[in-house]
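Dear colleague,

I am handing over the structure below, and my notes on what was found in it follow. Please read them beside the coordinates.

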Amino acid sequence: MKRVDDFRLRLGNKEYVPIMIGGMGVDISTSELALEAARLGGIGHISDAMVQDVSDRKFDTTFVKDKTKLYKFNINNMDKAVVQFDLERLAEATRLHVGATMAAKKGDGLIFVNCMEKLTMNAPKETLRTRLSSALDAGIDGITMSAGLHLGSFELIKDHPRFREAKLGIIVSSVRALQLFLRKVAKLNRLPDFIIVEGPLAGGHLGFGFDWKNYDLHLIIDEILAYLRQENIDIPLIAAGGVFTGSDAVAFLEKGVAGVQVATRFTVTHECGMPESVKQEYFRASEEDIIVNGISPTGYPMRMLKSTPAIGSGIRPGCESYGYLLDATGNCAYINSYNREVLANPEMKNPPVMDKTCLCTHMRNYNCWTCGHYTYRLKDTTHKLADGNYQVLSAEHVFKDYQFSVDNQIALPERQESVAA
Ligand SMILES: Cc1cc2nc3c(=O)[nH]c(=O)nc-3n(C[C@H](O)[C@H](O)[C@H](O)COP(=O)(O)O)c2cc1C
């Protein structure tokens with residue numbers, strides 16, 4: 001019976017343990033989590049979502065405070081189009097976050113940054129170019145381009161000195177999306193170094209509609225493998241979404257996939273950035289608590305716990321401080337919903353807004369509890385302690401469980417009654 005450790009993920013001329021920990025913004029996949037994956041010989045992701053805020057928390061910079069001060073005059077204005085990112089400051093924050101992570105890296109693995117292209121930041125191309133280039137400047141091993149994949153994203157950095165050396169990959173959820181991207185990059189003579197195929201059971205935003213239940217990751221992978229073979233294209237595929245045990249991973253590796261990307265099981269590790277109380281919410285969740293809804297202003301369905309505070313909270317849009325979801329015209333779907341409710345309920349101070357949420361503010365405050373479909377199984381991966389809380393795990397324990405387990409088993413950690421959850 002095979003284990004994940006019987007396989008290796010080959011990128012260029014190097015081999016890695018075929019386990020990637022997926023990017024989870026905002027700072028849920030912390031540097032500490034990514035560094036553990038790299039130390040153990042796999043691949044970890046940090047995320048550049050809301051990087052100025054992440055930098056402020058980690059390095060005592062004042063990007064958010066300064067931006068809020070600059071745009072304070074607009075806080076009560078319903079129109080947020082005036083709010084812009086200073087590209088030099090955006091680059092500086094990215095270089096700080098990426099640079100500090102890379103400086104701490106040990107071991108044979110790699111660290112990538114997850115760039116969600118749906119963070120359109122009121123100037124989609126310019127901000128994306130800045131984010132990608134400054135991550136490369138700061139020495140990141142590779143970049144995964146995700147959520148809202150922009151067909152022209154490789155083109156934006158084609159003149160960067162590291163364009164052909166750094167590992168560049170994409171996340172797709174269908175053979176069609178992949179075909180469109182490959183057609184677009186053909187003229188650059190620069191194929192992706194890896195392709196993450198994310199199925200409908202993943203956490204975060206989904207690359208599917210509300211009919212996500214009709215899709216199956218194994219079938220999508222089979223289709224993509226057949227397409228790549230037919231076209232004679234050799235790019236490693238990484239399977240993501242619902243890979244919960246080492247045996248789940250082996251089932252993909254045996255059919256020719258080069259690695260797996262996993263995330264949900266790491267949300268309840270010490271290294272994960274979510275507050276301890278939120279980790280306990282994830283542990284406690286039952287299957288009925290996990291929903292897919294349309295409250296993300298990006299327009300993509302998103303999976304989350306139904307008790308998440310972000311649902312229905314009618315907070316004022318925080319664009320003067322954040323503004324990561326402002327589109328090319330300076331608008332965000334939440335602003336429309338919020339303004340509609342405020343105008344319809346002049347007597348109420350904070351009318352609830354049910355159809356959309358202020359994703360920037362809520363993700364920043366760990367109040368949007370996005371999660372993978374199998375979150376309800378997390379309680380089976382640890383011990384329940386005497387105080388009713390669940391024992392939080394180490395990233396090393398979860399990583400090694402994926403790497404070495406067989407027979408769909410999940411290794412429980414050594415019981416630590418004294419651990420405060
Ligand atoms: C809490 C959480 C946050 C996530 N955030 C992001 C994100 O910011 N960008 C992204 O591309 N994927 C995101 N994902 C998706 C993961 O990177 C990963 O591909 C997927 O969840 C793997 O499936 P699994 O969670 O079933 O292991 C997130 C997943 C979780 C659980």
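**Overall size and what lies inside**

With 421 residues, the protein chain would have a radius of gyration near 22 Å if it were a compact globule, and its value of 21 Å agrees with that (the radius is taken over C-alpha atoms, and the globule rule is 2.2 Å times the number of residues to the power 0.38). Please bear in mind that this is a predicted model, in which local features need pLDDT of at least 70 and side-chain atom pairs count only at pLDDT 80 or more, whereas totals for chains, interfaces and linings use all residues. Residues are numbered from 1 along each chain as its sequence is written.

Buried residues make up 50% of the protein chain, a residue being buried if 20 or more other C-beta atoms, placed from the backbone, lie within 10 Å of its own. The largest nonpolar core (buried Ala, Val, Leu, Ile, Met, Phe, Trp, Tyr and Cys residues joined through C-beta atoms within 7 Å) has 126 residues, of which V197, I238, A239 and V260 touch the most other members. Beyond four places in sequence, I238 is in contact (C-beta atoms, placed from the backbone, within 7 Å) with residues including M20, F194, V257 and Q261.

Helix α1, residues 31-39 (helices are DSSP runs of H or I, at least four residues, and strands runs of E, at least two, numbered from the N terminus), has seven of its nine residues buried. Among the elements that cover these buried residues are β3, β4 and α13, and just after α1, G41 takes a positive phi of about 95°.

Best regards

Definitions and conventions. Buried ≥ 20, exposed ≤ 12 C-beta atoms within 10 Å, placed from the backbone.
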